[in-house]
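Work through the following exercises with the sequence and the coordinates at hand, and compare each step with the solution given.

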Amino acid sequence: MAQRVSPRTSRQPARQRPRLRLLLASGAASAALVAGTVIPFGPLLPAPQQAQAAEDGKKVLTVAVNQSIDSLSPFLAQKLTSTSIQRLSYEYLTNYDPKDAHPIPGFATAWKASADKLTWTFTIREDSTWSDGRKATAKDAAWTFNTMMTDENAATANGSFTANFKKVTAPDPRTLVIELKKPQATMTALDVPIVPQHVWEKVTDFSKFNNDKTFPVVGNGPFVITDFKVDQYIKLKPNKSFWRGAPKFDELVFKYYKDGDAAVAALRKGEVSFVSNLTPAQSVALGNAADIKVNDAPGRRFYALATNPGARSRDGAKFGNGNPALLDPAVRKALFQAVDRKTLIDKVFQGHAVEGQGYIPPRFDSYFWQPSDAQKLAYDPTAAALTLDQAGYKKDGSGKRVGKDGKPLDFRILCHATDPNDKAVGQYLQEWWGKLGVGLKVECLDNVSDPWLAGDYDLAFDGWSVNPDPDYVLSIHTCDALPATPKDSGATDNFICDKQYDALYAQQAVEYDAAKRADLVKQLESRLYDTGYMNVMAYPNAVEAYRTDQIKSITTMPEAAGNLWGQDGYWSWWSAVPADDGAGSGSSSSSSTGMIIGVAGVVVVAAALGLFLTKRRRSTAGDRE
């Protein structure tokens, strides 16, 4: 599933192994890492660290994250952290090859479509077992999809994938048949976790069940969730019956760090092996550190400004307190004309990003779109002032722009308190928009989700991690993604509902010709750009670092210039080999192994770990999936 940062963001055995902790976070503490003592791993560790590393004789991979988990229910989870956990815990019908992201077998070993593309038959593998010992069958997949089709709450996270399903059956344990209302282009990219029917059929209210009270959580992925404490940690153990082979670490821990500096300090102490979402200064500092590799790879995220188009639900009710001045296209246009993307790339990201254009990052070249010169809202403060003048927003005697209601043009922007980029960009916006006569209050919060979902914002820093198939991140801007009522939660990113956009979305969803579909996706991006509700400022790189004396090898995705964090699959954590392991480069492979990075190799790490694991909705640097 796409991982949300902004509107709707990846992923043995009994031998005794030293402990390895993995942290994903950011902060100025990387300098401390370089300045401090580099602690060797294993037998060379000083006594205190060595004792800690060997605790319980387990090899523990600890990943530090700075995004809260919204839910452990596959039916509700939308944040990147949460959906990344789902990737590790449950199988999907298909997976993505780590080399180039083409569809490969997952829970299904084969699939075929009828001539009219309205009936899809999936062959379910015989060697998948739920972690409680029961066989996983086609009936579990049929139950999962039928539940999403009949219970609106169960469709909260991934309902766009099943909205076009007409009927789903399992005529036998190894055959799943999906009948469609009309052709659907995403049938080999259904990013929906398959759950065990015998466990989930007991749930009475999917809107309230978060799957976080009973452990271990029954799943059939490479890992099993064993414990969870809100804003503290989530622990997983290898699923030793996983058909592709069990992971090599004895435990995988995602540990919550609100402060990125603390996470990097833990890396310095040898308590963790992996840090993500590094700032430019941290990247430079860590680049010269012993036993540490820094990766600066093209990311799969966009970083954007989202405007509140007037929060509403599908029943027609309006809610929230968004500034009505932003409903005027001229105001949105003027604000975006006063955003200097090049300065943001140079000064905030310091070159570790690409200037924003369309909605989908250039990493996905088939769908990458750029506005024409005539269409592009280039940085032009003079033109921005003229746009406001012509629309009737004049300056008063103090230099403040006054709206048509006689009130000053003053806006609020939601900022993720743990994201240094939000704060830095916010300061630039205050300067640029202040010269226009427009006021801006930067509201940095630990939890942006609550005011966002309530529609209580004017603008927000937004971002998503995009999947190889872009359908999901496109679907979150459709009218169908709006909440059913103001009291419900929908899949919408920021309440956009545009009939022209919806019509294009419907066309691309049924187009099987790759070139024609890509053209329709680009038309969607063009329309979204023209509405002025989303302004993509940058495509941040994945800048991360890990200790080569703790991780022997690990799989990147894609193979060339790939990342480790936030993958479309479970390849990184599943494949990770401890530095003291003599087994080589990992367990059995997929149809393609991806790049295995060893201690002498170049580290190619995942997109912005600081995004705790892309909703998903950015409560930190990259909240959404």
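Two strands count as paired if DSSP finds at least two bridges between them. The model used throughout is a predicted one.

**Exercise 1.** Determine which way strand S10 and strand S2 each run relative to S11.

*Solution.* Begin with strand S10 (residues 233-238), which is joined to S11 by four bridges and runs antiparallel to it; within this pairing, Lys235 has Val253 of S11 as its bridge partner. Turn next to strand S2 (residues 60-65), which six bridges join to strand S11 (residues 251-256) in a parallel arrangement, with Ala64 standing opposite Lys255.

**Exercise 2.** Find the disulfides, taking a sulfur-to-sulfur cut-off of 2.5 Å, and classify the burial of each cysteine.

*Solution.* The cut-off yields two disulfides. In one of them, Cys415 is joined to Cys444 with an S to S distance of 2.2 Å, and the link is right-handed, with 80° about the S-S bond. Cys415 belongs to strand S16 and Cys444 to strand S17, 29 residues apart. Since buried means under 20% relative accessible area, Cys415 at 0% is buried, whereas Cys444, at 32%, is partly exposed.

The other disulfide joins Cys479 to Cys497 at 2.0 Å, and its torsion of about 100° makes it right-handed. Both cysteines lie in the loop between helix H14 and helix H15, so the bond ties together parts that are 18 residues apart in sequence. Cys479 is buried at 7%, while Cys497 is partly exposed at 22%.

**Exercise 3.** Describe the lining of the second largest pocket.

*Solution.* The pocket holds about 640 Å³ of space and is lined by 24 residues, which divide into 14 nonpolar, three polar and seven charged.

Key: Residues numbered from 1 in each chain as written. Predicted model: local features only at pLDDT ≥ 70, side-chain atom pairs only at ≥ 80, totals over all residues. Heavy atoms only, no water. 1 Å grid on protein atoms, 1.4 Å probe; cavity = no way out; pocket = protein on both sides within 12 Å on 5 of 7 lines; lining within 4 Å. Points joined across faces, edges and corners; volume = space filled by probe spheres on them. Nonpolar A, V, L, I, M, F, W, Y, C, P; charged D, E, K, R; others polar. Helix = DSSP H or I, 4+ residues; strand = E, 2+ residues; numbered from the N terminus. Disulfide = S-S within 2.5 Å. Buried < 20%, exposed > 50% of the residue type's maximum accessible area, 1.4 Å probe, protein only.
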